[in-house]
Amino acid sequence: MNAEHINPFIEGAQNILSMVCAENTHLGKVFLKSHPYACEEVSIAIGIIGQLDGSVVFNMKESTACNIASKMMMGMPVPALDEMSSSAISELTNMISGNVATIFSAKGINIDITPPSFKKNAVDSDFKVSTSTKIICIPLNFENGNIFEIDIFSN
């Protein structure tokens, strides 16, 4: 996967986070993740099929997810993730992925996305996935120090 394929993820995520959460993010240093792959406290996976195949995992700390969910729910306090706030975060990643698909389509690359799969890991969990694919990590930094990480699994 080259920069031409990474930039739509950055643009799509920044557009949706700005629009839905009124949050501007700053791109951190993009890097390759090592194996085995370790998930954050909150992970949402979405498959990508079509002219590009792979998957993307949106990773964040639970406090980041709660902060985002609160903004999506008009400032309602979200002290911990529940069914409603988890659904809001899943929908946010779905919106980001749809925006990314639209950006790719404008470039003549057609992809489809699968529904989001939400996973909340225990803070002390040692959940890791072994994979032979490359994992490109795109960290988006919020002004308050929270990090919204996009991990792209490509073949």
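1. A salt bridge is taken here as a side-chain nitrogen of Lys or Arg within 4 Å of a carboxyl oxygen of Asp or Glu. In this predicted model, Lys33, Glu149 and Asp151 are linked in a network of such salt bridges. In total, the structure holds five salt bridges. As general background, side chains of opposite charge can pair when their charged atoms come close.

2. Within the network, the side chains of Lys33 and Asp151 form a salt bridge with an N to O distance of 3.2 Å. This pair links distant parts of the chain, since Lys33 sits in the loop between strand 2 (31-32) and strand 3 (37-38), while Asp151 belongs to strand 10, 118 residues apart. Lys33 counts as buried at 18% relative accessibility, and Asp151 is buried with a relative accessible area of 0%. The value for Lys33 should be read against the cut-off for buried, which is under 20%.

3. A further salt bridge joins Glu23 and Lys71, whose closest N and O atoms are 2.1 Å apart. Glu23 lies in the loop between helix 1 and strand 1 (25-27) and Lys71 in helix 2, so the pair ties together parts that are 48 residues apart in sequence. Glu23 is buried, with a relative accessible area of 10%, whereas Lys71 is partly exposed, with a relative accessible area of 32%.

4. Glu62 and Lys120 also meet through their side chains in a salt bridge, at 3.2 Å from N to O. Here too the pair links distant parts of the chain: Glu62 is in helix 2 and Lys120 in strand 7 (residues 117-120), 58 residues apart. Glu62 counts as buried at 17% relative accessibility, and Lys120 counts as partly exposed at 42%.

5. Turning to the nonpolar interior, the largest nonpolar core has 39 residues. The residues with the most contacts inside this core are Phe9, Ile68, Leu92, Ile138, Phe148 and Ile150. At least two core residues come from each of helix 1 (3-21), strand 4 (42-50), strand 5 (54-60), helix 2 (62-72), helix 3 (83-106), strand 9 (134-142) and strand 10 (147-154). In soluble globular proteins, nonpolar side chains tend to be buried together.

6. Leu92 merits separate mention. Leaving aside residues up to four places away in sequence, Leu92 touches Ile16, Leu17, Val20, Cys21, Ile68, Met72 and Phe148. Ile68 and Phe148 are themselves among the residues with the most contacts inside the largest core.

7. On the cysteines, a search of the whole structure finds zero disulfides. The sulfur of Cys21 is 13 Å from the closest cysteine sulfur, that of Cys66, which is too far for a bond, because a disulfide requires a pair of cysteine sulfur atoms within 2.5 Å. Cys137 is likewise in no disulfide, with the nearest cysteine sulfur, that of Cys39, 12 Å away. Cys21 is buried, with a relative accessible area of 4%, and Cys137 is buried, with a relative accessible area of 0%.

8. A final point concerns Ser85, which lies in helix 3. Ser85 counts as buried at 0% relative accessibility. Not counting residues up to four places away in sequence, Ser85 touches Ala69, Met73, Val78 and Ala80.

Notes:
Residues are numbered from 1 along each chain as its sequence is written. This is a predicted model: local features need pLDDT of at least 70, side-chain atom pairs count only at pLDDT 80 or more; totals for chains, interfaces and linings use all residues. Side-chain values use heavy atoms; hydrogens and water are left out. A nonpolar core is a set of buried Ala, Val, Leu, Ile, Met, Phe, Trp, Tyr and Cys residues joined through side-chain atoms within 4.5 Å. Buried means under 20% relative accessible area, exposed over 50%, partly exposed in between (1.4 Å probe, protein chains only). Helices (H or I, at least four residues) and strands (E, at least two) are DSSP runs, numbered from the N terminus. Contact means heavy atoms within 4.5 Å.
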